[in-house]
Amino acid sequence: MTHVFLTHDPSSRSLFYGGAALAQLRELAQVRLNPLDRRLSAAELIEAAQGCELLVSDVNTPVEAVVFDSLPELVAVLRGAVDRRSIDLAAASRNGVLVTHASPGFVNSVSELIFGMMIDLARHVTRDANLYHQGKMPAQSMGTQLSGATLGILGYGSIGRFVATLGQAFGMRVLVADPFVEVTEPDLEQTTMEQVLETSDFVVCLVVANAETENLMNAQAFSRMKTSAYFINASRGNLVDETALTHALTSGEIAGAGLDVGRAEGQAPTPSIAALPNVVATPHTGGLTPPAAQAQALETVVQIRALLGGEVPQNALNAPQASRLARLGI
């Protein structure tokens, strides 16, 4: 019977994999679990996954070249998330190992959090609630209404599309900047990043994180924003120059920020920035709802079922180089 190793530690397994997916996985293969209460090092992963043909990897566990070089039985690595940057795809291909990733099953979940942050910032919800919790009476202050405001979206992928739809439902003017996508939906305005930054009351960053987009939101970008505007990042912390963001927030260059991601452990917001009074932050929980987490976990089960049925699964990244698939009759 095929052997599968699941890299998730108990905490991430309960949050991001769940009993339903694990039960279905066990119907297909012998499942071996991470024995530790933390993320495995490369050496520990190699030892734990010896003899396994399939590896299901959580987003926080890198799969480095040494792992592929040291697991001769390994046929495929299935990332239970969209982000596969920490998987050495070149090493996988060199060893003939297939790599897959999950689809963005968290679109609704992340989009809802984005609008929660927008409303929170615009109407000072967290600020006033904290004062009430301290037994103090907040002063009344003017807020920003979403209806009639301008929403600027950087990156028009699955989440960007849904955020645009929600923005229109709120009665917002919606601007989109994405040089790789043609926006054809009615009433949306496709423009440049510079125009989005200069015009928007809310700038939502949903750009794909890679070497080219590292620190995309830098000092120059923040200086283009209106002093009354809010910045929301629900993509990746790598997109933001945090020194520039800190300056923008503390100098009044922008009004505030909503952050679900940053450069802290697990891609969470950096605590020193999250602590600023004009910041609303969550610890990378945008996709942490049962439907969202279950969707990606169950997708790895679907992918494994396809492999065991002799098919290349959807979202395969290097099928032409995955010579070890022949062991599964593919």
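1. Leaving aside neighbours within four places in sequence, S111 is in contact with I159, F162, V163 and L166. The model is a predicted one, and this residue is a convenient place to start reading it. S111 belongs to helix α6. Its relative accessible area is 0%, so S111 counts as buried, the cut-off being under 20%.

2. Helix α6 covers residues 107-123 and lies across five strands: β6 (150-154), β9 (202-205), β10, β11 and β12. Relative to β10, the helix runs at about 155°.

3. The strands that α6 lies across can be placed in a sheet. The sheet is open and has seven strands, in the order β8-β7-β6-β9-β10-β11-β12, with parallel pairing. At its edges are β8 (188-190) and β12 (279-281), each of which pairs on one side only. On average, neighbouring strands of this sheet are turned by 15° against each other, direction ignored.

4. Two of the pairings can be described in detail. Between β6 and β7 there are five bridges, in the parallel sense; within this pairing, G152 has L175 in β7 as its bridge partner. Strand β11 (residues 256-259) is joined to β12 by three bridges, and these two strands also run parallel. Here L259 stands opposite A281 in β12.

5. How much of strand β7 is buried? Of the five residues in β7 (residues 173-177), four are buried, so the strand is largely enclosed by the rest of the structure. In the strand order, β7 sits between β8 and β6.

6. Next, internal space. Searching the whole structure for cavities of 30 Å³ or more gives one. The largest cavity holds about 50 Å³ of space. Its lining consists of F231, N233, G237, V240, E242, L245, L259, V261, G262 and I273. Two elements give two or more residues to this lining, namely β10 (230-233) and α11 (242-251).

7. Which classes of residue line the largest cavity? The lining has six nonpolar, three polar and one charged residues. L259, one of the lining residues, is also the residue that stands opposite A281 in β12, which ties the cavity to the sheet described above.

8. T289 is in the loop between β12 and α13 (290-308). Its relative accessibility is 29%, so T289 counts as partly exposed. The C-alpha atoms of T289 and V110 are separated by 9.2 Å, although the two residues are 179 apart along the chain.

9. Two asparagines deserve a check of backbone geometry. Most residues other than glycine have a negative phi. N215, however, has a positive phi, near 55°. N215 lies in the loop between β9 and α10 (219-224), and with 30% relative accessibility it counts as partly exposed.

10. Where is N315 found? N315 is in the segment after α13. Its phi is positive, about 65°, although N315 is not a glycine. The relative accessibility of N315 is 25%, so this residue counts as partly exposed.

Terms used. Residues are numbered from 1 along each chain as its sequence is written. This is a predicted model: local features need pLDDT of at least 70, side-chain atom pairs count only at pLDDT 80 or more; totals for chains, interfaces and linings use all residues. Side-chain values use heavy atoms; hydrogens and water are left out. On a 1 Å grid over the protein atoms alone, a cavity is a set of points where a 1.4 Å probe fits but cannot get out, and a pocket is an open set with protein on both sides within 12 Å along at least five of seven lines; lining residues have an atom within 4 Å of a point. Grid points are joined across faces, edges and corners, and a volume is the space filled by probe spheres set on the points. Ala, Val, Leu, Ile, Met, Phe, Trp, Tyr, Cys and Pro count as nonpolar, Asp, Glu, Lys and Arg as charged, and the others, Gly among them, as polar. Two strands pair if DSSP finds at least two bridges between them. Axes are lines fitted to C-alpha atoms, for helices over the stretch in contact, and angles run from 0 to 180 degrees between N-to-C directions. Contact means heavy atoms within 4.5 Å. Buried means under 20% relative accessible area, exposed over 50%, partly exposed in between (1.4 Å probe, protein chains only).
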